[in-house]
Amino acid sequence: MGEKMTGHCLCGAVTITIPAHHEVGVCHCGMCRRWGGGPFFAIHCKQGVEFSGEENIARFASSDWADRGFCRECGTHLFYFLALNGEYAVLAGLFDDDENFAITEQIFIDRKPAFYSLANETHNLTAAEVMARFSADED
């Protein structure tokens with residue numbers, strides 16, 4: 001069994017444990033920016049996501065293919081769940097060991113507003129490239 005990381009919401013009602021992973025992806029789509037007030041910084045997990053306090057998790061079907069999860073008690077944003085492949089994008093800010101994190105990818109880079117920029121050298125995908133990637137996952 002590999003190393004794990006544990007994070008929690010603001011009030012502690014929900015705890016999330018995931019396989020140790022330190023690559024962070026950033027989404028600049030309008031929906032993510034509206035949901036969190038800025039870009040969405042996430043750790044992607046295809047398996048091994050465990051919840052404690054699951055009764056405190058509310059899910060919102062933000063599209064036909066994905067849910068967004070948040071704590072019912074404090075409102076902390078917890079994850080984006082892609083039903084297509086069962087992948088979770090768990091918010092990086094839930095975990096304390098962030099000094100080990102590195103931003104490796106930015107998606108919907110063509111939707112990023114001009115008022116901010118990230119200095120990190122990353123792999124960047126446009127909206128069309130992201131949609132093509134999801135379509136390829138279906139095959």
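When I speak of helices and strands this morning, I mean DSSP runs, with at least four residues of H or I for a helix and at least two of E for a strand, numbered from the N terminus. Counted that way, the protein chain has two helices and 11 strands, and I should say at once that this is a predicted model.

Let me begin with the whole chain. Reading from the N terminus, the order of elements is β-β-β-α-β-β-β-β-β-β-β-β-α. The radius of gyration is 15 Å, close to the 14 Å that the globule rule gives for 139 residues, so the protein chain is as compact as a globular protein of that length. The C-alpha trace, taken along its principal axes, spans about 35 × 35 × 35 Å. Of the 139 residues, 42% are buried, and among the contacts with a separation of 6 or more, 49% are between residues 24 or more positions apart.

As for the surface, the protein chain exposes about 7,900 Å², and carbon and sulfur atoms supply 50% of that area. There are 10 positive and 20 negative charges, and the mean positions of these two groups lie 8 Å apart.

Now to the strands, starting at the N-terminal end. Strand β1, residues 4–8, pairs with strand β2, residues 15–19, in the antiparallel sense over five bridges, and within that pairing Gly7 stands opposite Ile16 of β2. The two strands form a hairpin with six residues between them, and in the turn we find Gly12, whose phi is positive at about 85°. Strand β2 also runs antiparallel to strand β5, residues 50–52, to which three bridges join it. Ile16 takes part here as well, since its bridge partner in β5 is Phe51; Ile16 therefore faces Gly7 in the one pairing and Phe51 in the other.The next group of strands pairs in the parallel sense. Strand β3, residues 23–27, and strand β10, residues 102–107, are parallel and share five bridges, with Cys27 standing opposite Ile107 in β10. On to strand β11, residues 123–125, which pairs with β10 in the parallel sense over three bridges; there, Glu105 has His123 of β11 as its bridge partner.

Which residue in the loop between β10 and β11 deserves a stop? I would choose Phe108, which lies in that loop and has a phi near 55°, a positive value in a residue other than glycine. Is Phe108 buried or exposed? Its relative accessibility is 10%, and because buried means under 20%, Phe108 counts as buried.

My last stop is Ala58, which is found in strand β6, residues 57–61. With a relative accessibility of 8%, Ala58 also counts as buried. What is Ala58 in contact with, leaving aside its neighbours within four places in sequence? The residues are Arg68, Gly69, Phe70 and Arg72. Ala58 and Gly75, for their part, are 17 residues apart in sequence, and their C-alpha atoms are 9.1 Å apart in space.

Definitions and conventions
Residues numbered from 1 in each chain as written. Predicted model: local features only at pLDDT ≥ 70, side-chain atom pairs only at ≥ 80, totals over all residues. Heavy atoms only, no water. Pairing = 2+ DSSP bridges. Rg over C-alpha atoms; globule rule 2.2 N^0.38 Å. Buried < 20%, exposed > 50% of the residue type's maximum accessible area, 1.4 Å probe, protein only. Contact = heavy atoms within 4.5 Å. Areas by Shrake-Rupley, 256 points an atom, 1.4 Å probe, with all protein chains shown as cover. Lys, Arg positive; Asp, Glu negative; His and termini not counted. Charge placed at Lys NZ, Arg CZ, Asp CG, Glu CD.
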